[in-house]
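Let's take a look at a protein chain together, going from the overall picture down to single residues. Keep the 3D view open while you read.

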Amino acid sequence: MAHNLLQGKKGIIFGALDEKSIAWRTALKCHEEGARLVLTNAPVALRMGEINKLADTVKAPVIPADVTNMDDLKKLFEASMEHFGGKIDFILHSIGMSLNVRKNKPYTEIDYGFNQKTLDISAMSLHRVLRTAWDLDALNEWGSVVALTYIAAQRVFPHYNEMADAKALLESVARSFGYHYGSHKKVRVNTISQSPTRTTAGSGIKGFDGFVTYAEKMSPLGNATSDDCASYCVSLFSDFTRMVTMQNLFHDGGFSSMGVTEEIMVALEK
Ligand SMILES: NC(=O)c1ccc[n+]([C@@H]2O[C@H](COP(=O)([O-])OP(=O)(O)OC[C@H]3O[C@@H](n4cnc5c(N)ncnc54)[C@H](O)[C@@H]3O)[C@@H](O)[C@H]2O)c1
């Protein structure tokens with residue numbers, strides 16, 4: 001059921017690859033809640049063509065941008081403001097990619113060239129997005145920026161590999177830029193730390209099914225789905241969360257507060 005929580009708001013959604021993507025689900029939910037949208041992804045991802053289905057549904061233009069390319073980002077923000085006829089109210093950063101994971105390099109043997117790319121795409125890209133918006137004065141006061149992260153930034157999940165370091169950096173950028181943008185323009189910046197979710201990026205992690213099952217058994221509410229995550233994003237883009245900024249917000253059915261559950265103990269005692 002829609003509540004018009006984003007009526008009159010305008011947002012850019014980064015990272016909708018296919019219908020499993022968290023960004024895809026969030027775009028649908030933002031549209032349902034009355035927002036106007038611009039969709040964007042890396043040119044190589046757009047070539048797969050799936051995003052056009054989403055664009056038709058949510059009536060949004062698709063503007064290509066490699067998030068590591070400042071010219072692309074500048075063009076994206078300029079074209080978005082032109083499309084909206086004004087400034088932007090919210091941004092979803094739903095981007096992650098690890099070259100070392102892709103190339104099956106274990107954490108102890110990572111290639112540092114790949115590692116730099118991973119950190120740039122998955123973490124510093126948030127700085128690049130915020131910096132571009134800042135330089136162009138593209139965000140309205142009380143605007144809201146959300147990036148997606150994972151609890152491997154705080155605790156070790158061995159096969160999450162260098163992405164753990166990327167997520168720690170991403171969360172730090174959200175806090176640091178959140179200070180500057182908050183005091184400068186009252187723009188809020190937060191990260192959502194989402195349960196493991198079956199998507200293209202998620203499934204690239206070795207032993208991913210194990211992550212999902214373990215988290216499910218460790219979370220009193222079970223794992224949060226991508227649709228649950230989309231609803232949480234809507235609440236953070238809405239005016240009901242205006243004083244929330246510089247936070248890493250766990251959206252994980254309680255996983256992050258658990259030591260062990262009855263279910264896991266029973267399974268281990270067998
Ligand atoms: N799936 C999970 O289990 C899970 C859990 C917690 C957090 N997250 C995070 O959620 C976010 C979205 O991932 P997802 O699970 O929906 O997977 P996804 O594969 O659907 O989305 C990742 C997106 O990043 C985009 N991308 C990669 N390189 C890019 C570049 N250079 N420029 C622009 N875009 C680029 C991809 O094209 C893709 O659309 C990521 O930050 C991911 O780390 C995912």
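What follows is a short tour of this predicted model.

## The whole chain

Let's start with the big picture. The protein chain has eleven helices and six strands. Its radius of gyration is 18 Å, close to the 18 Å that the globule rule gives for 270 residues, so the chain is as compact as a globular protein of that length. If you draw a box along the principal axes, the C-alpha atoms fill roughly 60 × 45 × 40 Å.

How much of the chain is buried? Buried residues account for 46% of the 270 residues. Now think about contacts between residues with a separation of 6 or more: 73% of these in the protein chain link residues 24 or more positions apart.

## The nonpolar core

In soluble globular proteins, nonpolar side chains tend to be buried together. Here, the largest nonpolar core has 72 residues. Ile13, Ala16, Ala27, Leu37, Leu39 and Cys233 are the ones with the most contacts inside this core. Helix 7, which covers residues 163–185, gives the most to this core, with eight residues.

Want to zoom in on one core member? Try Leu37: leaving out residues up to four places away in sequence, Leu37 touches Gly11, Ile13, Ala27, Cys30, His31, Val58 and Ala60.

## Strand 1 and its partner

Strand 1 spans residues 10–14, and five of its five residues are buried. Which residues sit on each side of strand 1? Lys10, Ile12 and Phe14 are on one side, Gly11 and Ile13 are on the other, and both faces are covered.

Next door in the pairing is strand 2 (residues 36–40), which runs parallel to strand 1 and is joined to it by five bridges. Within this pair, Ile12 of strand 1 stands opposite Val38 in strand 2.

## Around the ligand

There are 26 residues around the ligand, and Ser21, Gly96, Thr199, Ala201 and Gly202 come nearest. Three elements each give two or more residues to this shell: helix 1 (22–32), strand 4 (139–149) and helix 8 (200–203). Which element gives the most to the shell? That's helix 8, with three residues.

What about the chemical classes in the shell around the ligand? The count is 13 nonpolar, twelve polar and one charged.

## Three residues to look up

First up is Leu169, which you'll find in helix 7. Leu169 has 19 other C-beta atoms within 10 Å, and being buried takes 20 or more, so Leu169 counts as partly exposed. Setting aside neighbours within four places in sequence, Leu169 is in contact with Leu119 and Ala123. Leu169 and Met124 are 45 residues apart in sequence, yet their C-alpha atoms are 7.6 Å apart in space.

The other two residues each have a positive phi without being glycine. Trp142, in strand 4, has a phi near 65°. Is Trp142 buried or partly exposed? With 14 other C-beta atoms within 10 Å, Trp142 is partly exposed. Asn161 has a phi near 60° and is found in the loop between strand 4 and helix 7. Asn161 has 23 other C-beta atoms within 10 Å, so this residue is buried.

Key. Residues are numbered from 1 along each chain as its sequence is written. This is a predicted model: local features need pLDDT of at least 70, side-chain atom pairs count only at pLDDT 80 or more; totals for chains, interfaces and linings use all residues. A residue is near a molecule or strand if its C-beta atom, placed from the backbone, lies within 6 Å of it. Helices (H or I, at least four residues) and strands (E, at least two) are DSSP runs, numbered from the N terminus. Ala, Val, Leu, Ile, Met, Phe, Trp, Tyr, Cys and Pro count as nonpolar, Asp, Glu, Lys and Arg as charged, and the others, Gly among them, as polar. A nonpolar core is a set of buried Ala, Val, Leu, Ile, Met, Phe, Trp, Tyr and Cys residues joined through C-beta atoms within 7 Å. A residue is buried if 20 or more other C-beta atoms lie within 10 Å of its own, exposed if 12 or fewer, and partly exposed in between; C-beta atoms are placed from the backbone. Two residues are in contact if their C-beta atoms, placed from the backbone, lie within 7 Å. The radius of gyration is taken over C-alpha atoms; the globule rule is 2.2 Å times the number of residues to the power 0.38. Two strands pair if DSSP finds at least two bridges between them.
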